[in-house]
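Colleague: Please show me the model, and let us then discuss its surface and its pockets.

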Amino acid sequence: MKIAVYPGTFDPVTYGHLDVVMRASKLFDRVIVGVLHNSSKSPLFSVEERVNILKKAVTEIPNVEVRSFEGLAVEFAKECQAHTIVRGLRAITDFEYELQMAQTNRILEPEVDTTFLITSLEYAYLSSTTVKEVAAFGGDIHNFVPDFVAEEIRSKYAARKSTDSQAG
């Protein structure tokens, strides 16, 4: 069985991420989306929220599962008995960073390879950072994320705004 992991922070998951998941699901028998718990970042959503959002987003893809993980992606791949890490590439700047990571991972674990999927052209501009920035200023994000994700993001920013106005 060919198992791949697709690690990331997914804060929030975008149509670009889901495009990579869907395409990877056609290449591998099983795809495990790994939601990174990175204590050095302060994400919009908790790791549990991101896992739940992703589970809902991929519910119709039978060979995809979602899990959280901490630490190195290559260690997560080994833990999942995966021999491939899937990474999406939007631009040449992504490639430089991802190539370095892939080479490092290959040294750390020679049995784990990296497969790059070029982002579909319609999502090449899209990033979680862009989605959060547009949403934070009240912009329309329905072209970037599924409707239920857009609602989760709006709710999160509304709650923050409420907390900030109470504190000030």
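The questions and answers below concern the pockets and one exposed residue.

Modeller: This is a predicted model, in which local features need pLDDT of at least 70 and side-chain atom pairs count only at pLDDT 80 or more, while totals for chains, interfaces and linings use all residues. Residues are numbered from 1 along each chain as its sequence is written, and side-chain values use heavy atoms, with hydrogens and water left out.

Colleague: Is Ile92 buried or exposed?

Modeller: Ile92 is found in helix H4 (residues 92–108); helices are DSSP runs (H or I, at least four residues) and strands likewise (E, at least two), numbered from the N terminus. Buried means under 20% relative accessible area, exposed over 50%, and partly exposed in between (1.4 Å probe, protein chains only). Because its relative accessibility is 59%, Ile92 counts as exposed.

Colleague: Which element gives the most to the lining of the largest pocket?

Modeller: A pocket is an open set of points on a 1 Å grid over the protein atoms alone, where a 1.4 Å probe fits, with protein on both sides within 12 Å along at least five of seven lines; lining residues have an atom within 4 Å of a point. Elements that each supply at least two residues of this lining include strand E1 (3–8), helix H1 (15–27) and H4. The element that gives the most, with 8 residues, is H4.

Colleague: How many charged residues are in the lining of the second largest pocket?

Modeller: The largest share of this lining, 6 residues, comes from H6. Asp, Glu, Lys and Arg count as charged. Beside 6 nonpolar and 2 polar residues, the number of charged residues in the lining is 4.
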